[in-house]
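Let's take a look at this model together, starting with its main pocket and then moving on to one of its helices.

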Amino acid sequence: MYVPFDELSKSSRIWIYQSNRKLSDEEVAIANELLTDFVENWAAHSTPLKASYQIKYNRFIILAVDQDYHSASGCSIDASVKIIQELEQKFGIDLLDKMNVTYKTGEFIAHKSLIDFKKMAKEKAVNANTIVFNNLVNTIEEFEEFWEVPAGESWHSRFF
C-alpha cells in the first residue's frame, strides 16, 4: 500500500539505489509510474507493505517500508530488486553497483568508481569536506540526518 514518503515512520527501513547517470525528466516520469504501481502492490507473504519511494536529484531511488506496520521479507526484498533491475534494463543504467561514489561539486552531482574517487582523494581533487551521498543509511531518520554529509563524516573518510 503506497503512502506518501513523508508520512512514513522515521524508523522505516530504506534501500537506496544510485544511478550511474542522471535520468531525464521523461525517464523519471516513467520510473514514477512503474514504482508507484510496484509500491502500491508490494507485499510480504500476501500482507501489503506500508511503503513508499522517492526519486532524488533524478539520480537516486529510495524505497521505504514501515516495518512497524509489517516487515519486508526475503521474497518482498527480492521483488524490489527485480523492479530495480527492470528500471536498469529499461533506461540502460546501473543502479545496483555499490562500488561507485556519488558526490557534489557545487550544485553538480558527480559519479565515479570507488577506485577513481580514491585517486581523486589522494590527488586532493576531493577532500573530507566534499559532500558525498552515504547510501549505507538504513532508516528514514538516518537518511534525513546522514545521507548528504561531508566525506570525512561517512565511510568515505578512510580515503583521507
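Which strands each supply at least two residues of the lining of the largest pocket? Keep in mind that this is a predicted model. The answer is strand 1 (13-18) and strand 6 (100-105). Strand 1 is the top contributor, giving six residues to that lining.

As for the pocket itself, it holds about 320 Å³ of space. Its lining is made up of 19 residues, and if you want to find the centre, look for I16, K98, N135, L136 and W155, which lie nearest to it. Here's how the lining breaks down by residue type:

| Residue type in the lining of the largest pocket | Number of residues |
|---|---|
| Nonpolar | 10 residues |
| Polar | six residues |
| Charged | three residues |

Now for helix 3, which covers residues 114-122. Which of its residues are buried? They are L114, F117, M120 and A121. These four sit on the same side of helix 3 because they cover an arc of only 120° around the axis. Flip to the other side of the helix and you'll find I115 and K122, both exposed.

So what lies over the buried residues of helix 3? The cover includes strand 6, along with strand 7 (108-113) and strand 8 (131-133). Strand 6 may ring a bell, as it also supplies at least two residues of the pocket lining.

One last thing to check as you trace the chain: after helix 3 comes K124, and its phi is positive, near 65°.

Conventions. Residues are numbered from 1 along each chain as its sequence is written. This is a predicted model: local features need pLDDT of at least 70, side-chain atom pairs count only at pLDDT 80 or more; totals for chains, interfaces and linings use all residues. Side-chain values use heavy atoms; hydrogens and water are left out. On a 1 Å grid over the protein atoms alone, a cavity is a set of points where a 1.4 Å probe fits but cannot get out, and a pocket is an open set with protein on both sides within 12 Å along at least five of seven lines; lining residues have an atom within 4 Å of a point. Grid points are joined across faces, edges and corners, and a volume is the space filled by probe spheres set on the points. Ala, Val, Leu, Ile, Met, Phe, Trp, Tyr, Cys and Pro count as nonpolar, Asp, Glu, Lys and Arg as charged, and the others, Gly among them, as polar. Buried means under 20% relative accessible area, exposed over 50%, partly exposed in between (1.4 Å probe, protein chains only). The arc is that of the directions from the helix axis to the C-beta atoms. Contact means heavy atoms within 4.5 Å.
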